[in-house]
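Open the model in your viewer and keep the sequence panel handy. We'll go from the whole fold down to single side chains and back out again.

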Amino acid sequence: MQPLIDNARTFGQRPEEFARLAVGQSPEVLFITCADSRVVPALITGARPGQLFELRTAGNIVPPYGSGTPTGEAATIEYAVEVLGVQHIVICGHSHCGAVGAVVRGDDLNAVPAVRDWLAHAAEEPPMCSDPGDPTVAEAVQHHVLTQLLRLRSYPCVDKRLTSGRLRLHGWYYEVHTGSVREHRPDSDTFEAL
Ligand SMILES: [Zn+2]
């Protein structure tokens, strides 16, 4: 923890870079990814402050819309789309994802009931996986990303802007052990290098 505090202490030594941020934000991209510490969106994309609006959830799960309970995820998506007017939404899954792996393996999560109940959103449409022993769970993560993209389309604000051509969705798969990123190509329905 201490190195992180030390860095935070000296971070604000470039006031000229940050002053313009007081005016507001107009990010082009909502970046939805896992809470995993190995996935660092700003490092992967080179984004500077103000460029990425982020939503991070365990397993980059997008909960079903309109389940009756207000969720921070729905609020974040709606704000990004309706208020900030983002033009792109990226859902980025990653290799070795603990959340997707737990669903694929059917792990007993009763000791962590909040995690169990959250992952139940993913278990509704379990990620396809032909090799549960694969530590990268690549196939399952990629399938899972596509499921979350479909779920995102069910959000009225997303659907409206997709229909009017003001929004594009992107499915990414990030390898934590290589740093490489693949993108889903709808024409071939495969994940290929960016
Ligand atoms: Zn993960």
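Here is the tour, one selection at a time.

**Before you click**

This is a predicted model, so to speak of a local feature we need pLDDT of at least 70, and side-chain atom pairs count only at pLDDT 80 or more, while totals for chains, interfaces and linings use all residues. Numbering starts from 1 along each chain as its sequence is written, and side-chain values use heavy atoms, with hydrogens and water left out.

**Stop 1: the whole chain**

Show everything as a cartoon. You should find eight helices and six strands; these are DSSP runs, with helices being H or I of at least four residues and strands E of at least two, numbered from the N terminus. Walking along the sequence, the pattern reads α-α-β-α-β-α-β-α-α-α-α-β-β-β.

Switch to the C-alpha trace and it spans about 50 × 45 × 35 Å along its principal axes. The radius of gyration is 18 Å, which agrees with the value near 16 Å for a compact globule of 194 residues. That radius is taken over C-alpha atoms, and the globule rule is 2.2 Å times the number of residues to the power 0.38. Colour by accessibility next: 40% of the 194 residues count as buried, where buried means under 20% relative accessible area, exposed over 50% and partly exposed in between (1.4 Å probe, protein chains only).

**Stop 2: the sheet**

Select the six strands. They make an open sheet in the order E2-E1-E3-E4-E5-E6, with mixed pairing. Strand E2 (52-57) and strand E6 (190-193) are the edges; each has a single partner strand, so one side of each is left without a neighbour in the sheet. From one strand to the next the twist averages 30°. Two strands are called paired if DSSP finds at least two bridges between them.

Now zoom in on strand E3 (residues 88-94), which runs parallel to E1 and is joined to it by five bridges. Pick Ile-32 and its bridge partner in E3, Ile-91; then pick Thr-33, which sits opposite Cys-92. On the E4 side, E3 pairs in the parallel sense over seven bridges, and here Ile-91 faces Gly-171.

How many residues of E3 are buried? Seven of its seven. In a regular strand, side chains alternate between the two faces of the sheet. In E3 both faces are covered: His-88, Val-90, Cys-92 and His-94 are buried on one side, and Ile-89, Ile-91 and Gly-93 on the other.

Slide across to E5 and E6, which pair in the antiparallel sense over four bridges. His-184 stands opposite Phe-191 in E6. In the hairpin between these strands, with its four intervening residues, look for Asp-189 and its positive phi near 55°.

**Stop 3: helices on the sheet**

Bring back helix H4 (residues 72-83). H4 lies across E1, E2 and E3 and runs at about 165° to E2. Then add helix H7 (residues 138-153), which packs on the sheet and touches E1, E3, E4, strand E5 (181-185) and E6, its direction making about 160° with that of E4. Contact here means heavy atoms within 4.5 Å; axes are lines fitted to C-alpha atoms, for helices over the stretch in contact, and angles run from 0 to 180 degrees between N-to-C directions.

**Stop 4: the zinc ion**

Which protein atoms are the donors of the zinc ion? Select Cys-34 (SG), His-94 (NE2) and Cys-97 (SG), which lie 2.1 to 2.3 Å from it. Along the chain their spacing is C-x59-H-x2-C. Both His-94 and Cys-97 are buried. Donors are N, O and S atoms within 2.8 Å of the metal (3.2 Å for Na, K and Ca), and since water is not among the atoms, sites may look incomplete.

**Stop 5: an aromatic pair**

The structure holds four aromatic pairs. Rings of Phe, Tyr and Trp (its six-membered ring) pair if their centres lie within 6.5 Å; planes under 30 degrees apart are stacked, over 60 edge-to-face, and the rest tilted. Select Phe-31 and Trp-172, an edge-to-face pair at 5.8 Å centre to centre with 80° between the planes. Phe-31 belongs to strand E1 (residues 29-34) and Trp-172 to strand E4 (residues 168-174), so the pair ties together parts 141 residues apart in sequence. Phe-31 is buried at 1% relative accessible area, and Trp-172 is buried too, at 14%.

**Last stop: Glu-17**

Finish in helix H2 (residues 15-18), where you'll find Glu-17. At 23% relative accessibility, Glu-17 is partly exposed. Leaving aside residues up to four places away in sequence, Glu-17 touches Arg-48 and Pro-49.
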